[in-house]
Structure formats: structure tokens, C-alpha cells
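What follows is a walk through one protein model, from its local backbone features to the way its parts meet. Please look over the sequence and the structure before reading on.

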Amino acid sequence: MSSVKQIGVVGGGQMGSGIAQVAAMNGIHVCLFDVDPPALSKASASVSASIARLVSKAQLSQSEGADALQRVRFTSNLEDFHQADFIIEAIVESEDIKKRLLLQLEKIAKSSAIFASNTSSISITRLAAATSRPHQVIGMHFFNPPPVMKLIEIVRGAQTSDETFAATKALSERLGKKVITSRDFSGFIVNRILMPMINEAFFALYTGVATKEDIDTGMKLGTNHPMGPLQLADFIGLDVCLSIMKVLHAGLGENKYAPCPLLVQYVDAGRLGKKQGIGKNKFAGEGGIKKC
Ligand code: 3HC
């Protein structure tokens, strides 16, 4: 495929709006779709605020900021994707919903369009098999927050073509990201390693090895991570961490991937983390459920 001129992003949440911002700041026209008008307004406000912050820190000039903003169009009409060369979905982590979206997109998108999924753990091979264009389906896993994190993990499904892979790699590099490539197995590379670490931190808390502060400080200062594993779980969302652990457990079939009961209990209690506005640097369990 020749150079990507227009990208469609599906999903106006934190990942979708961050991906749209990164594309616009790298000179690419983006159409950001969300089915929910309030989510679309929130996405628009978040992209504007993030670009304004970069301008205020002189990391972008006024005109670069204005140009980037102009490149993003917000829409609640999926038909607007008919000219997109490359479509990235960043919607809810549900295999059924993603498959339904792909079926809708293949009716609208041009025949050469590539469909990339930002899924953190769903099989690209299975998503691709639901479409009539499995060679043009690929995983393009961004990390939160997309404007800051330097990595894209590309996941090749069993039928992903070399052309689709090459175009995705070229686009990722245009976005200023370092690329790693994973085969399509549960958790890919990063979450396969990260989530068991987070799960183990919950086990350390659950079994009374240490306080949450000492677990996080230990990993921050002992291994130079920017956040401790419990704070990171809070940042990612405990529900997301649990759902990825379940995928690892089901897909890789070993007991070492079984989710920690404390993580399950926090999620059951609806304590999911930062996205609920519990507060910066506050762990979801704080002031809530007591450990055993
Ligand atoms: N958008 C744009 N810029 C942002 C931002 C956002 N959402 N959040 C933070 N930033 C920028 C800030 O403006 C600041 O820039 P500056 O250094 O030029 O001033 C810089 O990032 C640092 O931000 P802060 O000073 O506010 O806060 P921190 O120093 O605590 O950094 C952090 C915040 C970048 C989130 C850092 O704590 C970090 O890197 N944490 C780990 C994040 C991580 O591991 N992400 C991956 C999660 S796993 C994942 O996404 C996979 C999924 O499948 C689960």
C-alpha cells in the first residue's frame, strides 16, 4: 500500500483519542468515530487539552498545534471512513463486538484499507477470520498514554499478509514509535509479562507479604519502574488487568496465570481505579476492601 493519507480511529476513549492525537501530530488526517455523542465531545476536549498543554510547554508551536487539531475530524457516522486507508479500532475488549464492527467496516471501507485492532489480548487470527479480508487484519497495540509511550506492538495474525505488516510497521514508525512484533498468542509480548507481575503484586498484598506502599516502592526504586505494579493496575484499570489475566489463563492453560482472588474481589466490588476519579496515586482498594 502507498503511504497512508487518512486514518479512521474507532472509539473515543483514552486510547482512541490518544491514537488520533498522535496521528494528527505526525501530519496525518484522522477521522475519529464514536457511537456515543458525549464520548465524542469528551474525546474532542481531551485532544484539544493535550495539544494545548504541549503548546504551553513549547513542545509544539502555536501553528503546529492548530494544524494538528485541524487534521482531526470527530464523527458519529461510520460511513465517513469510506476514504480511510487505515482503520484502527480501540473499542471495548469484546471479541463479538469487535467482530461485528469489522463486518460493518468491510462494507464501508475501500478494498485496500487495512484494519488494525488495538486489542490488548484478543486473538487477531480469530478477528481476521470473521472478515472477508483476513490478510488485511493486524494487531497494532498502543500503550497508555499513547502520546507519551514510545512503543507499538504489532501482532501478526495467522493470515496477515507481508504487505499489511509492512504498511503497519511503516505507519507506526511515521508515528514516531518503536515497533516490536509478536506472534498471535495470548497476551502477545508485553501483557504476557506485565500482567503476571501485576497479578503477583496482588498476591503479595493478599498474602500479607507487605503493604501496598512497600510493594509499589519496592518495584519503583528496586527496578526503576515509573509506577509500582499496584499503582499501574489502578492506572490501567483493575477490570482490564483481570480480563487480560483471564485470557492468559484460558489461552496458556497454566495455573500460574490464575487471577489473584483479591484482584477478582476488587473488580467484583466495582473498584476499578483511576478512571473512576478515585484520585491520583490512590490505589483502588484504598479505604475500601480490607485484605485477608
Ligand atoms: N497525554 C499526553 N501527555 C501526557 C499524558 C497524556 N495522557 N499523561 C502524561 N503526559 C506527559 C506529561 O505532560 C509530562 O510531560 P513532560 O515531562 O514533557 O512535562 C509527562 O507525560 C510526565 O507526566 P506527569 O509529570 O504528569 O506524570 P508522571 O511523570 O508520573 O508520568 C506517566 C506519567 C507517563 C503515565 C508515567 O507515570 C508512566 O510512564 N507510567 C507507566 C505507564 C505505563 O506503563 N503504561 C503502559 C500501561 S500497559 C498498556 O497500556 C497496555 C494495555 O494493553 C493494558
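Helices (H or I, at least four residues) and strands (E, at least two) are DSSP runs, and they are numbered from the N terminus. The model itself is predicted.

With that numbering, Pro145 can be placed in the loop between strand E6 (137-142) and strand E7 (151-156). The peptide bond that leads from Asn144 into Pro145 is cis, its omega being near 0 degrees. A second loop, between helix H2 (37-56) and helix H3 (62-70), holds Ala58. Ala58 is a residue other than glycine with a positive phi, near 60 degrees. As background to both loops, most peptide bonds are trans, and most residues other than glycine have a negative phi.

The next stop is a helix. Lys99 and Glu95 join their side chains in a salt bridge, with 3.0 Å from N to O. Both residues belong to helix H4 (residues 95-108), and because they are four residues apart there, about one helical turn separates them. Over the whole structure, the search finds ten salt bridges.

On a wider view, the domain assignment gives domain 1 (6-183) and domain 2 (191-269). Their C-alpha centres are 27 Å apart. Five residues from domain 1 and four residues from domain 2 make up the contact. Between them the two domains bury about 450 Å², and 52% of this is on carbon and sulfur atoms. On the domain 1 side, the residues that lose the most area to domain 2 are Ser120, Ser121 and Asn144, which together account for 69% of what that side buries. Asn144 is also the residue that precedes the cis bond to Pro145. Across this interface, zero salt bridges are found.

The last stop is a pair of helices. Two packed helices are described by the angle between their axes and the distance between the axes. For helix H7 (residues 190-206) and helix H8 (residues 212-223), the axes come within 9 Å and cross at roughly 145 degrees. The crossing of H7 past H8 is right-handed.

Which residues of H7 and H8 meet? From H7 come Met197, Ala201, Ala204 and Leu205, and from H8 come Lys212, Ile215 and Met219. By type, the residues of this contact are six nonpolar, no polar and one charged.

Terms used:
Residues numbered from 1 in each chain as written. Predicted model: local features only at pLDDT ≥ 70, side-chain atom pairs only at ≥ 80, totals over all residues. Heavy atoms only, no water. Axes fitted to C-alpha atoms, helices over the stretch in contact; angles between N-to-C directions. Left-handed = near helix turned anticlockwise from the far one by under 90°. Contact = heavy atoms within 4.5 Å. Nonpolar A, V, L, I, M, F, W, Y, C, P; charged D, E, K, R; others polar. Domains from an automatic or database assignment. Buried area = accessible area lost by both parts, 1.4 Å probe. Salt bridge = Lys/Arg side-chain N within 4 Å of Asp/Glu carboxyl O.
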